[in-house]
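Please read the sequence and the coordinates side by side, and follow the chain from its strands to its helices, then to two details of the backbone, and finally to a pocket.

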Amino acid sequence: MEGARIGKNCTIFPGAVISAIPQDLKFRGEDTLAIIGDNTTIRECVTVNRGTAARGKTVVGNNCLLMAYCHVAHDCIVGDNVIMSNATQLAGEVVVDNFAVIGGGTLVHQFCHIGPHVMIQGGALVNKDIPPYVKAAREPIAYAGVNSIGLRRRNFSNEQIREIQEIYRYLYLSGLNVSDAVERIEAELPATKERDEIILFVRNSKRGIIRGYV
């Protein structure tokens with residue numbers, strides 16, 4: 001396939017289209033790629049478009065499962081161990097971090113960032129960034145708790161999960177705005193890998209993070 005790099009032990013089912021030109025009017029025929037990592041399964045009628053000049057490549061990582069009729073648009077970066085359930089649609093330049101699980105029929109707006117270990121309800125409309133380790137559900141999409149079941153499956157300790165839950169109490173249940181909550185988290189909670197990852201994600205969010213459930 002022109003413009004495609006397919007990793008080892010990938011399985012690509014009939015009807016899938018890898019590295020077709022982007023559905024983007026800015027594309028001018030530049031030399032770009034669609035890269036699929038090792039041990040990834042691409043089911044029937046999935047489409048993964050090539051990149052544009054914006055990033056030069058669209059990437060799907062290792063050990064992913066893209067179920068039937070999913071779409072990964074130009075310049076998306078999908079991490080390792082990601083599951084995209086049937087008919088999930090990623091618009092251009094979306095970033096999906098490692099171990100995210102996206103429910104079927106989810107639509108993700110361009111430039112959104114989905115954090116690691118996130119679980120998204122099927123049929124969701126994602127138009128904001130979703131921070132690490134959370135469940136996102138309801139309409140409009142909102143914080144629905146910490147993805148504790150997924151974290152336990154990936155060998156997070158009960159202590160780590162409790163620390164993550166405490167961070168999100170500050171962010172979503174304290175009545176503080178996001179900036180003030182982040183300052184309180186940094187000042188009052190002990191530094192851990194997970195704490196610092198969440199703080200960095202929120203501070204770097206360009207679209208803003210999903211709201212708490214009202």
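In this predicted model, a convenient place to start is strand β7, where K57 is the residue that stands opposite L33. L33 belongs to strand β4, residues 33-36, which pairs with β7, residues 57-60, in the parallel sense over four bridges. Further along the two strands, I35 stands opposite V59 in β7. V59 also has a bridge partner in β10, namely I77, and strand β10, residues 77-78, is joined to β7 by two bridges, with the two strands running parallel.

These pairings belong to a wider arrangement, an open sheet of six strands in the order β1-β4-β7-β10-β13-β16, in which the pairing is parallel. The edges of this sheet are formed by β1 (4-6) and β16 (113-114), each of which pairs on one side only. As general background, the strands of a sheet pair through backbone hydrogen bonds, either parallel or antiparallel.

Another open sheet of six strands follows the order β3-β6-β9-β12-β15-β18, and here too the pairing is parallel. Its edge strands are β3 (17-20) and β18 (125-126), each pairing on one side only. Within this sheet, strand β6, residues 47-49, and strand β9, residues 71-72, pair in the parallel sense over two bridges, and T47 stands opposite H71 in β9.

The helices can be read through their packing against α4, residues 193-204. The axis of α2, residues 158-173, comes within 10 Å of the axis of α4, and the two axes cross at roughly 30°. Angles under 35 degrees count as roughly parallel, and α2 and α4 are therefore described as roughly parallel to each other. The crossing in which α2 passes α4 is right-handed.

Helix α3, residues 178-188, also packs with α4, at an angle of about 155° and with the axes 11 Å apart. That angle makes α3 roughly antiparallel to α4, given that the limit for this description is an angle over 145 degrees. The crossing of α3 and α4 is left-handed.

Two features of the backbone deserve a separate look, and both are placed in loops between strands. The peptide bond from E139 to P140 is cis, with omega near 0°, and P140 lies in the loop between β19 (134-137) and β20 (142-146). F99, a residue other than glycine, has a positive phi, near 65°, and is found in the loop between β13 (95-96) and β14 (101-102).

The last stop is the empty space. In general, rolling a probe the size of a water molecule over the atoms shows where such space is left. The largest pocket in this model contains about 210 Å³ of space. Which residues line the largest pocket? The lining consists of R55, E93, V95, F111, C112, H113, D129, F201, N204, S205, K206 and R207. By class, four of the lining residues are nonpolar, three are polar and five are charged. Several parts of the description meet here: H113 is one of the lining residues and lies in the edge strand β16 (113-114), V95 is another lining residue and lies in β13 (95-96), while F201 and N204 also line the pocket and fall within helix α4, residues 193-204.

Technical notes:
Residues numbered from 1 in each chain as written. Predicted model: local features only at pLDDT ≥ 70, side-chain atom pairs only at ≥ 80, totals over all residues. Heavy atoms only, no water. 1 Å grid on protein atoms, 1.4 Å probe; cavity = no way out; pocket = protein on both sides within 12 Å on 5 of 7 lines; lining within 4 Å. Points joined across faces, edges and corners; volume = space filled by probe spheres on them. Nonpolar A, V, L, I, M, F, W, Y, C, P; charged D, E, K, R; others polar. Pairing = 2+ DSSP bridges. Axes fitted to C-alpha atoms, helices over the stretch in contact; angles between N-to-C directions. Parallel < 35°, antiparallel > 145°, perpendicular 65-115°, else oblique. Left-handed = near helix turned anticlockwise from the far one by under 90°.
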